[in-house]
Amino acid sequence: MAQKKQLLASIDVGTTKICSICARVEDGKIEILGTGWAASRGLKKGVVVNLSETIDSVKASLEEAEKQAQMVVQSAYVSVGGAYIRGINSAGETEVHNKDGEITSEDINRAVSAATSLDLGEDYQVIHHLTRDFQVDGLDGVVDPLGLNGHHLSVSMHLVLNASAVVQNIVNAVNKAGVLVDGVVMQQLASSEAVLSSDEKELGTILVDIGGGTTDVAVYNRGSICHSEVLPMGGDLVTKDIAIGIRAPLQEAEELKRSAGCVFPESVPAEELIEVTEVGSGCRRTFSRRRLCEIIRARCDEILKAVERSIQQVGVDKELVTGLVMTGGGSLLDGVVDLAEQMLGLSVRVGYPVNVVAHDSPVFHPAYSTALGLLQYTQNVQSPVVAKPVKAQGARPRNTRIRMKSWFLEKIG
Ligand SMILES: Nc1ncnc2c1ncn2[C@@H]1O[C@H](COP(=O)(O)OP(=O)(O)OP(=O)(O)O)[C@@H](O)[C@H]1O
Ligand SMILES: [Mg+2]
(Lines give C-alpha, C1' and ligand atoms only; values in the text may rest on other atoms or scores of the structure.)
(Ligands and ions follow the chains in the order given, each with its own letter.)
Protein backbone atom coordinates (compact mmCIF):
# COMPACT_ATOMS: atom_id res chain seq x y z
CA MET A 1 0.00 0.00 0.00
CA ALA A 2 1.36 3.39 -0.94
CA GLN A 3 2.29 5.51 2.06
CA LYS A 4 -0.03 8.46 2.59
CA LYS A 5 1.75 11.74 2.43
CA GLN A 6 1.55 13.55 5.71
CA LEU A 7 1.11 17.30 5.79
CA LEU A 8 2.39 19.15 8.82
CA ALA A 9 2.45 22.67 10.14
CA SER A 10 4.55 24.33 12.83
CA ILE A 11 4.48 27.74 14.45
CA ASP A 12 7.46 29.10 16.35
CA VAL A 13 6.09 31.83 18.60
CA GLY A 14 9.28 33.78 19.25
CA THR A 15 9.86 37.13 20.93
CA THR A 16 11.30 38.77 17.80
CA LYS A 17 9.46 36.92 15.06
CA ILE A 18 6.69 34.40 14.55
CA CYS A 19 7.53 31.78 11.99
CA SER A 20 5.03 29.37 10.44
CA ILE A 21 5.95 26.46 8.21
CA CYS A 22 3.84 24.12 6.08
CA ALA A 23 5.55 20.90 5.06
CA ARG A 24 4.93 17.53 3.47
CA VAL A 25 6.48 14.37 4.94
CA GLU A 26 7.02 11.30 2.84
CA ASP A 27 9.14 8.33 3.93
CA GLY A 28 10.49 10.43 6.78
CA LYS A 29 11.69 13.19 4.43
CA ILE A 30 10.41 16.68 5.17
CA GLU A 31 9.68 18.90 2.19
CA ILE A 32 9.01 22.56 2.97
CA LEU A 33 6.00 23.86 1.04
CA GLY A 34 5.60 27.30 2.54
CA THR A 35 7.14 29.53 5.20
CA GLY A 36 5.78 32.69 6.75
CA TRP A 37 7.55 35.24 8.88
CA ALA A 38 6.08 38.14 10.83
CA ALA A 39 7.53 40.51 13.40
CA SER A 40 6.38 39.41 16.84
CA ARG A 41 4.58 42.27 18.56
CA GLY A 42 2.86 40.81 21.60
CA LEU A 43 5.59 38.91 23.45
CA LYS A 44 8.22 39.81 26.01
CA LYS A 45 10.97 37.33 26.86
CA GLY A 46 8.97 34.46 25.37
CA VAL A 47 5.75 35.26 27.24
CA VAL A 48 2.53 36.73 25.75
CA VAL A 49 1.98 40.22 27.14
CA ASN A 50 -0.49 41.44 24.52
CA LEU A 51 -2.93 38.82 23.21
CA SER A 52 -4.41 40.76 20.28
CA GLU A 53 -1.00 41.75 18.92
CA THR A 54 0.20 38.15 19.26
CA ILE A 55 -2.89 36.90 17.39
CA ASP A 56 -2.26 39.41 14.58
CA SER A 57 1.40 38.36 14.29
CA VAL A 58 0.49 34.65 14.25
CA LYS A 59 -2.16 35.32 11.58
CA ALA A 60 0.27 37.30 9.43
CA SER A 61 2.94 34.59 9.50
CA LEU A 62 0.37 31.82 8.90
CA GLU A 63 -1.22 33.59 5.97
CA GLU A 64 2.15 33.98 4.26
CA ALA A 65 3.00 30.29 4.76
CA GLU A 66 -0.47 29.18 3.62
CA LYS A 67 -0.31 31.37 0.53
CA GLN A 68 3.06 29.94 -0.47
CA ALA A 69 1.96 26.36 0.20
CA GLN A 70 -1.55 26.94 -1.19
CA MET A 71 -3.07 25.29 1.86
CA VAL A 72 -5.21 26.08 4.86
CA VAL A 73 -3.63 25.10 8.17
CA GLN A 74 -6.13 23.51 10.55
CA SER A 75 -3.79 22.50 13.34
CA ALA A 76 -0.12 22.85 14.15
CA TYR A 77 2.61 22.08 16.63
CA VAL A 78 3.63 25.21 18.48
CA SER A 79 6.79 26.23 20.36
CA VAL A 80 6.69 27.52 23.92
CA GLY A 81 9.40 29.30 25.86
CA GLY A 82 9.82 31.89 28.56
CA ALA A 83 11.86 31.91 31.73
CA TYR A 84 9.14 30.13 33.74
CA ILE A 85 10.35 26.89 32.15
CA ARG A 86 11.96 24.50 34.64
CA GLY A 87 13.80 21.34 33.66
CA ILE A 88 14.12 18.78 36.45
CA ASN A 89 15.61 15.31 36.61
CA SER A 90 13.51 12.73 38.31
CA ALA A 91 13.72 8.99 39.03
CA GLY A 92 11.18 6.26 39.71
CA GLU A 93 11.49 2.60 40.60
CA THR A 94 9.45 -0.54 41.07
CA GLU A 95 9.80 -4.25 41.76
CA VAL A 96 9.12 -6.43 38.72
CA HIS A 97 5.79 -8.16 39.37
CA ASN A 98 6.05 -11.12 37.02
CA LYS A 99 7.27 -14.23 38.93
CA ASP A 100 9.57 -15.29 36.10
CA GLY A 101 11.14 -11.79 36.19
CA GLU A 102 10.10 -10.71 32.67
CA ILE A 103 9.50 -6.95 32.60
CA THR A 104 6.06 -6.00 31.28
CA SER A 105 4.60 -2.69 30.13
CA GLU A 106 2.76 -2.47 33.48
CA ASP A 107 6.14 -2.54 35.31
CA ILE A 108 7.43 0.20 33.00
CA ASN A 109 4.29 2.31 33.54
CA ARG A 110 4.63 1.96 37.33
CA ALA A 111 8.27 3.12 37.27
CA VAL A 112 7.46 6.03 34.94
CA SER A 113 4.49 7.06 37.01
CA ALA A 114 6.65 7.02 40.18
CA ALA A 115 9.09 9.35 38.38
CA THR A 116 6.41 11.68 37.09
CA SER A 117 3.98 12.05 39.97
CA LEU A 118 4.56 15.58 41.12
CA ASP A 119 2.18 17.78 43.00
CA LEU A 120 2.42 20.94 40.93
CA GLY A 121 -0.84 22.62 41.87
CA GLU A 122 -2.65 24.74 39.30
CA ASP A 123 0.15 27.12 38.41
CA TYR A 124 2.57 24.75 36.70
CA GLN A 125 2.16 21.89 34.27
CA VAL A 126 4.52 19.28 32.89
CA ILE A 127 4.92 19.86 29.16
CA HIS A 128 7.43 17.06 28.51
CA HIS A 129 8.13 13.70 30.13
CA LEU A 130 11.45 12.70 28.58
CA THR A 131 12.89 9.30 29.37
CA ARG A 132 16.67 9.37 29.78
CA ASP A 133 17.33 5.72 30.49
CA PHE A 134 16.19 2.66 32.42
CA GLN A 135 18.15 0.59 34.89
CA VAL A 136 17.47 -3.11 35.42
CA ASP A 137 18.90 -4.56 38.66
CA GLY A 138 21.34 -1.67 38.77
CA LEU A 139 22.54 -2.07 35.18
CA ASP A 140 22.13 1.34 33.57
CA GLY A 141 21.85 2.46 29.94
CA VAL A 142 18.85 0.27 29.15
CA VAL A 143 16.93 1.86 26.29
CA ASP A 144 13.85 -0.38 26.31
CA PRO A 145 13.40 -2.79 29.23
CA LEU A 146 10.25 -4.48 27.81
CA GLY A 147 10.75 -8.26 27.87
CA LEU A 148 14.10 -8.12 29.68
CA ASN A 149 14.59 -10.15 32.86
CA GLY A 150 15.21 -8.60 36.25
CA HIS A 151 13.83 -8.00 39.72
CA HIS A 152 14.13 -4.28 40.06
CA LEU A 153 13.36 -1.62 37.44
CA SER A 154 14.22 2.09 37.69
CA VAL A 155 13.86 4.94 35.24
CA SER A 156 15.62 8.33 34.96
CA MET A 157 13.59 11.10 33.40
CA HIS A 158 13.86 14.75 32.50
CA LEU A 159 10.63 16.63 33.12
CA VAL A 160 9.99 20.05 31.65
CA LEU A 161 7.56 22.29 33.52
CA ASN A 162 6.12 25.59 32.44
CA ALA A 163 3.69 28.02 34.01
CA SER A 164 0.20 26.89 32.97
CA ALA A 165 -0.87 30.45 32.14
CA VAL A 166 2.14 30.96 29.82
CA VAL A 167 1.27 27.80 27.88
CA GLN A 168 -2.45 28.58 27.79
CA ASN A 169 -1.87 32.12 26.51
CA ILE A 170 0.19 30.82 23.58
CA VAL A 171 -2.47 28.21 22.84
CA ASN A 172 -5.22 30.84 23.02
CA ALA A 173 -3.34 33.15 20.66
CA VAL A 174 -2.90 30.36 18.08
CA ASN A 175 -6.53 29.21 18.51
CA LYS A 176 -7.81 32.73 18.03
CA ALA A 177 -5.70 33.01 14.90
CA GLY A 178 -7.87 30.12 13.64
CA VAL A 179 -5.61 27.11 14.21
CA LEU A 180 -5.91 24.24 16.67
CA VAL A 181 -2.87 23.23 18.71
CA ASP A 182 -1.80 19.60 18.42
CA GLY A 183 0.91 20.01 21.01
CA VAL A 184 3.43 22.39 22.49
CA VAL A 185 7.18 21.82 22.41
CA MET A 186 9.86 23.59 24.43
CA GLN A 187 11.83 25.76 22.01
CA GLN A 188 15.32 24.38 22.64
CA LEU A 189 14.02 20.82 22.34
CA ALA A 190 12.72 21.68 18.86
CA SER A 191 15.92 23.55 17.89
CA SER A 192 18.02 20.56 18.98
CA GLU A 193 16.16 18.33 16.56
CA ALA A 194 17.07 20.65 13.71
CA VAL A 195 20.73 21.29 14.48
CA LEU A 196 22.26 18.49 16.58
CA SER A 197 23.40 15.18 15.17
CA SER A 198 22.59 11.97 17.04
CA ASP A 199 26.34 11.54 17.67
CA GLU A 200 26.48 14.95 19.33
CA LYS A 201 23.58 14.01 21.59
CA GLU A 202 25.24 10.70 22.42
CA LEU A 203 28.71 12.08 23.11
CA GLY A 204 27.47 15.12 25.05
CA THR A 205 26.65 18.55 23.64
CA ILE A 206 25.24 21.81 24.91
CA LEU A 207 22.64 23.55 22.74
CA VAL A 208 22.30 27.31 23.23
CA ASP A 209 19.57 29.10 21.27
CA ILE A 210 20.13 32.85 21.50
CA GLY A 211 16.85 34.46 20.51
CA GLY A 212 15.61 38.00 20.81
CA GLY A 213 14.08 37.72 24.28
CA THR A 214 15.63 34.63 25.83
CA THR A 215 18.65 32.35 25.64
CA ASP A 216 17.56 28.73 25.82
CA VAL A 217 19.93 26.05 27.10
CA ALA A 218 19.69 22.28 26.69
CA VAL A 219 22.38 19.78 27.65
CA TYR A 220 22.49 16.35 26.02
CA ASN A 221 24.46 13.36 27.17
CA ARG A 222 24.23 9.65 26.29
CA GLY A 223 21.54 10.42 23.74
CA SER A 224 19.12 12.26 25.98
CA ILE A 225 18.54 15.65 27.53
CA CYS A 226 19.75 16.06 31.12
CA HIS A 227 19.35 19.80 31.66
CA SER A 228 17.13 22.56 30.27
CA GLU A 229 16.82 26.18 31.28
CA VAL A 230 15.59 29.43 29.76
CA LEU A 231 17.62 32.55 30.58
CA PRO A 232 15.64 35.81 30.45
CA MET A 233 18.13 37.62 28.20
CA GLY A 234 18.78 37.62 24.47
CA GLY A 235 19.86 39.62 21.44
CA ASP A 236 17.23 42.33 21.90
CA LEU A 237 18.94 43.41 25.12
CA VAL A 238 22.14 43.96 23.12
CA THR A 239 20.16 46.14 20.68
CA LYS A 240 18.58 48.09 23.53
CA ASP A 241 22.01 48.66 25.14
CA ILE A 242 23.27 50.05 21.82
CA ALA A 243 20.23 52.32 21.42
CA ILE A 244 20.71 53.69 24.94
CA GLY A 245 24.52 53.84 24.74
CA ILE A 246 24.72 55.76 21.47
CA ARG A 247 21.29 57.43 21.70
CA ALA A 248 20.07 55.97 18.41
CA PRO A 249 16.59 54.71 17.39
CA LEU A 250 16.06 50.98 18.10
CA GLN A 251 15.76 50.07 14.42
CA GLU A 252 19.08 51.74 13.66
CA ALA A 253 20.72 50.14 16.70
CA GLU A 254 19.57 46.75 15.37
CA GLU A 255 21.03 47.48 11.92
CA LEU A 256 24.32 48.71 13.41
CA LYS A 257 24.61 45.59 15.57
CA ARG A 258 24.36 43.41 12.47
CA SER A 259 26.43 45.51 10.06
CA ALA A 260 29.15 47.05 12.27
CA GLY A 261 28.94 45.15 15.55
CA CYS A 262 31.35 42.56 16.90
CA VAL A 263 32.28 41.21 20.32
CA PHE A 264 36.02 42.02 20.11
CA PRO A 265 36.33 45.83 20.45
CA GLU A 266 40.13 45.57 20.64
CA SER A 267 40.14 44.32 17.03
CA VAL A 268 38.52 47.58 15.85
CA PRO A 269 40.88 50.55 15.12
CA ALA A 270 40.37 53.25 17.77
CA GLU A 271 39.86 55.95 15.12
CA GLU A 272 37.15 54.11 13.14
CA LEU A 273 33.85 56.03 13.14
CA ILE A 274 30.28 55.11 12.22
CA GLU A 275 27.42 57.44 11.31
CA VAL A 276 24.34 57.35 13.53
CA THR A 277 21.05 59.20 13.86
CA GLU A 278 20.44 60.86 17.20
CA VAL A 279 17.16 59.68 18.73
CA GLY A 280 14.70 62.55 19.08
CA SER A 281 16.48 65.25 17.08
CA GLY A 282 17.11 63.04 14.06
CA CYS A 283 20.51 64.74 13.52
CA ARG A 284 23.28 62.66 11.92
CA ARG A 285 26.55 62.43 13.83
CA THR A 286 29.54 60.14 14.17
CA PHE A 287 30.29 57.61 16.89
CA SER A 288 33.27 55.37 17.69
CA ARG A 289 32.79 51.88 16.25
CA ARG A 290 35.05 50.49 18.97
CA ARG A 291 32.71 51.95 21.61
CA LEU A 292 29.76 50.27 19.83
CA CYS A 293 31.58 46.95 20.10
CA GLU A 294 32.38 47.55 23.79
CA ILE A 295 28.66 47.97 24.48
CA ILE A 296 27.92 44.73 22.62
CA ARG A 297 30.73 42.88 24.40
CA ALA A 298 29.54 43.85 27.89
CA ARG A 299 26.11 42.32 27.31
CA CYS A 300 27.47 39.24 25.55
CA ASP A 301 29.78 38.62 28.51
CA GLU A 302 26.74 38.70 30.77
CA ILE A 303 24.75 36.30 28.59
CA LEU A 304 27.63 33.83 28.24
CA LYS A 305 28.37 33.95 31.99
CA ALA A 306 24.71 33.11 32.61
CA VAL A 307 25.07 30.18 30.18
CA GLU A 308 28.16 29.01 32.09
CA ARG A 309 26.31 29.22 35.42
CA SER A 310 23.43 27.27 33.92
CA ILE A 311 25.77 24.50 32.83
CA GLN A 312 27.72 24.45 36.12
CA GLN A 313 24.55 24.45 38.18
CA VAL A 314 23.77 20.91 37.07
CA GLY A 315 27.33 19.80 37.49
CA VAL A 316 27.87 19.16 33.81
CA ASP A 317 31.48 18.14 33.69
CA LYS A 318 33.18 19.68 30.66
CA GLU A 319 34.87 16.31 30.16
CA LEU A 320 31.44 14.87 29.47
CA VAL A 321 30.51 17.24 26.68
CA THR A 322 32.24 17.42 23.33
CA GLY A 323 31.16 20.94 22.53
CA LEU A 324 28.52 23.61 22.31
CA VAL A 325 26.22 24.39 19.40
CA MET A 326 24.86 27.90 19.24
CA THR A 327 21.74 28.67 17.22
CA GLY A 328 18.96 31.31 17.03
CA GLY A 329 19.42 34.70 15.39
CA GLY A 330 21.80 35.85 18.14
CA SER A 331 24.36 33.22 17.15
CA LEU A 332 25.14 35.29 14.02
CA LEU A 333 26.62 38.19 15.96
CA ASP A 334 30.16 38.69 14.68
CA GLY A 335 32.70 36.91 16.92
CA VAL A 336 30.24 35.44 19.43
CA VAL A 337 31.29 31.87 18.63
CA ASP A 338 34.96 32.67 19.33
CA LEU A 339 34.04 34.53 22.50
CA ALA A 340 32.00 31.56 23.74
CA GLU A 341 34.97 29.25 23.03
CA GLN A 342 37.24 31.49 25.08
CA MET A 343 34.85 31.97 27.97
CA LEU A 344 33.46 28.44 28.24
CA GLY A 345 36.55 26.49 27.22
CA LEU A 346 34.58 24.36 24.78
CA SER A 347 34.59 23.98 21.05
CA VAL A 348 31.64 25.97 19.64
CA ARG A 349 29.91 26.00 16.26
CA VAL A 350 26.87 27.78 14.83
CA GLY A 351 23.90 25.44 14.48
CA TYR A 352 22.14 25.62 11.11
CA PRO A 353 19.01 23.48 10.63
CA VAL A 354 20.84 20.81 8.61
CA ASN A 355 18.63 17.94 9.75
CA VAL A 356 15.59 19.48 8.05
CA VAL A 357 16.56 21.61 5.06
CA ALA A 358 19.35 21.71 2.52
CA HIS A 359 22.04 24.42 2.44
CA ASP A 360 20.42 26.14 -0.53
CA SER A 361 16.99 26.47 1.12
CA PRO A 362 15.87 30.03 1.94
CA VAL A 363 15.14 28.88 5.52
CA PHE A 364 18.67 27.55 6.06
CA HIS A 365 19.20 30.05 8.86
CA PRO A 366 19.72 29.68 12.65
CA ALA A 367 16.64 31.84 13.37
CA TYR A 368 14.49 29.10 11.73
CA SER A 369 15.94 26.25 13.82
CA THR A 370 13.00 26.10 16.22
CA ALA A 371 10.24 26.23 13.58
CA LEU A 372 11.97 23.57 11.47
CA GLY A 373 12.91 21.51 14.51
CA LEU A 374 9.23 21.38 15.51
CA LEU A 375 8.53 19.46 12.30
CA GLN A 376 11.47 17.14 12.90
CA TYR A 377 10.44 16.62 16.54
CA THR A 378 7.01 15.32 15.54
CA GLN A 379 8.74 12.76 13.31
CA ASN A 380 11.41 11.58 15.75
CA VAL A 381 9.64 11.52 19.06
CA GLN A 382 7.28 8.64 19.58
CA SER A 383 6.07 9.50 23.08
CA PRO A 384 3.35 12.11 23.50
CA VAL A 385 4.78 15.60 23.44
CA VAL A 386 2.08 17.01 25.65
CA ALA A 387 1.63 15.35 28.99
CA LYS A 388 -1.53 17.26 29.78
CA PRO A 389 -3.88 18.06 26.89
CA VAL A 390 -3.90 21.73 26.05
CA LYS A 391 -7.31 23.32 26.07
CA ALA A 392 -8.49 24.60 22.70
CA GLN A 393 -10.26 27.59 24.16
CA GLY A 394 -12.13 29.82 21.78
CA ALA A 395 -10.75 28.10 18.69
CA ARG A 396 -12.20 29.49 15.50
CA PRO A 397 -11.08 27.04 12.84
CA ARG A 398 -11.40 28.61 9.45
CA ASN A 399 -12.74 25.39 8.07
CA THR A 400 -16.19 24.13 8.99
CA ARG A 401 -14.90 20.59 9.54
CA ILE A 402 -13.10 20.62 12.86
CA ARG A 403 -10.60 17.80 13.25
CA MET A 404 -9.14 18.08 16.69
CA LYS A 405 -6.14 15.80 16.35
CA SER A 406 -5.52 16.20 12.68
CA TRP A 407 -2.07 17.21 11.54
CA PHE A 408 -3.30 17.33 8.01
CA LEU A 409 -3.81 20.45 6.03
CA GLU A 410 -6.33 20.80 3.31
CA LYS A 411 -5.42 21.87 -0.16
CA ILE A 412 -7.36 24.91 -1.26
CA GLY A 413 -9.74 24.11 -4.08
N1 LIG B 1 23.21 38.87 11.67
C2 LIG B 1 22.92 39.09 12.95
N3 LIG B 1 23.85 39.60 13.79
C4 LIG B 1 23.55 39.83 15.07
N5 LIG B 1 22.35 39.55 15.66
C6 LIG B 1 21.40 39.05 14.86
C7 LIG B 1 21.62 38.78 13.48
N8 LIG B 1 20.48 38.26 12.96
C9 LIG B 1 19.59 38.21 13.97
N10 LIG B 1 20.13 38.68 15.11
C11 LIG B 1 19.49 38.82 16.42
O12 LIG B 1 18.80 37.62 16.75
C13 LIG B 1 17.69 37.93 17.60
C14 LIG B 1 16.46 37.25 17.07
O15 LIG B 1 16.71 35.89 17.01
P16 LIG B 1 15.52 34.84 16.79
O17 LIG B 1 14.81 35.17 15.54
O18 LIG B 1 16.11 33.49 16.91
O19 LIG B 1 14.60 35.21 18.05
P20 LIG B 1 13.16 34.69 18.46
O21 LIG B 1 13.07 33.24 18.20
O22 LIG B 1 12.11 35.53 17.85
O23 LIG B 1 13.15 35.02 20.03
P24 LIG B 1 13.09 34.07 21.32
O25 LIG B 1 13.59 32.72 20.92
O26 LIG B 1 13.94 34.74 22.32
O27 LIG B 1 11.65 34.06 21.76
C28 LIG B 1 17.52 39.44 17.59
O29 LIG B 1 17.98 39.97 18.81
C30 LIG B 1 18.41 39.87 16.42
O31 LIG B 1 18.97 41.14 16.65
MG1 LIG C 1 13.52 31.51 19.27
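1. Two strands are said to pair if DSSP finds at least two bridges between them. In this predicted model, strand 14 (residues 215-221) and strand 15 meet that condition, because they run antiparallel and are joined by 7 bridges. One of the matched positions can be followed by eye, since the bridge partner of Thr215 in strand 15 is Leu231. In general, the strands of a sheet pair through backbone hydrogen bonds, and they do so in either a parallel or an antiparallel sense.

2. The turn of this hairpin and the cover over its second strand deserve a look together. There are 2 residues between strand 14 and strand 15, and in this hairpin Arg222 takes a positive phi near 50 degrees. Strand 15 (residues 224-231) is mostly covered, with 6 of its 8 residues buried.

3. Elsewhere in the chain, 5 strands form an open sheet whose order is 3-2-1-7-12, and the pairing within this sheet is mixed. Its edges are strand 3 (29-39) and strand 12 (180-186), each of which pairs on one side only. From one strand to the next, the twist averages 25 degrees.

4. Two of the pairings in this sheet can be traced residue by residue. Strand 1 (residues 6-13) pairs with strand 7 (residues 75-80) in the parallel sense over 2 bridges, and the bridge partner of Ser10 in strand 7 is Tyr77. Strand 7 also runs parallel to strand 12, to which it is joined by 6 bridges, and here the bridge partner of Val80 in strand 12 is Met186. Although strand 12 is an edge strand, it is mostly covered, for 7 of its 7 residues are buried.

5. Which helices should the reader look for beside strand 12? Helix 3 (residues 164-176) packs on the sheet, where it touches strand 1, strand 7 and strand 12, and its direction makes about 140 degrees with that of strand 12. Helix 4 (residues 187-195) lies across strand 7 and strand 12, and it runs at about 80 degrees to strand 12.

6. Is Ile32, which has its place in strand 3, buried or exposed? Ile32 is buried, because 22 other C-beta atoms lie within 10 Å, and a residue counts as buried if there are 20 or more. Leaving aside residues up to four places away in sequence, Ile32 touches Ile21, Ala23, Val357, Ser361 and Val363. Val179 lies 147 residues from Ile32 along the chain, and the C-alpha atoms of these two residues are separated by 19 Å.

7. Most residues other than glycine have a negative phi, and two loop residues are therefore worth checking against that general rule. Lys45, in the loop between strand 4 (43-44) and strand 5 (47-48), has a positive phi near 45 degrees. Gln70, in the loop between helix 1 (51-69) and strand 6 (71-72), has a positive phi of about 60 degrees although it is not a glycine. Their surroundings can be set side by side: Lys45 is buried, because it has 21 other C-beta atoms within 10 Å, whereas Gln70 is partly exposed, because it has 13.

8. The chain is divided into domain 1 (86-163) and domain 2 (197-354), and the centres of these domains, taken over C-alpha atoms, are separated by 37 Å. Where they meet, 7 residues of domain 1 are in contact with 7 residues of domain 2. On the side of domain 1 that touches domain 2, strand 8 (86-95), strand 9 (124-136) and strand 11 (152-163) each supply at least two residues, and the largest share, 3 residues, comes from strand 9. The residues of this side of domain 1 divide into 2 nonpolar, 3 polar and 2 charged.

9. A last point concerns ligand 1. There are 25 residues around ligand 1, and those that come nearest are Gly14, Thr16, Gly211, Gly235 and Gly329. The elements that give two or more residues to this shell are helix 6 (235-246) and helix 7 (250-260). By character, the residues of the shell around ligand 1 divide into 3 nonpolar, 17 polar and 5 charged, where the reader should keep in mind that glycine is counted as polar.

Conventions. Residues numbered from 1 in each chain as written. Chains lettered and ligands numbered in written order. Predicted model: local features only at pLDDT ≥ 70, side-chain atom pairs only at ≥ 80, totals over all residues. Helix = DSSP H or I, 4+ residues; strand = E, 2+ residues; numbered from the N terminus. Axes fitted to C-alpha atoms, helices over the stretch in contact; angles between N-to-C directions. Contact = placed C-beta atoms within 7 Å. Near = placed C-beta within 6 Å. Domains from an automatic or database assignment. Buried ≥ 20, exposed ≤ 12 C-beta atoms within 10 Å, placed from the backbone.
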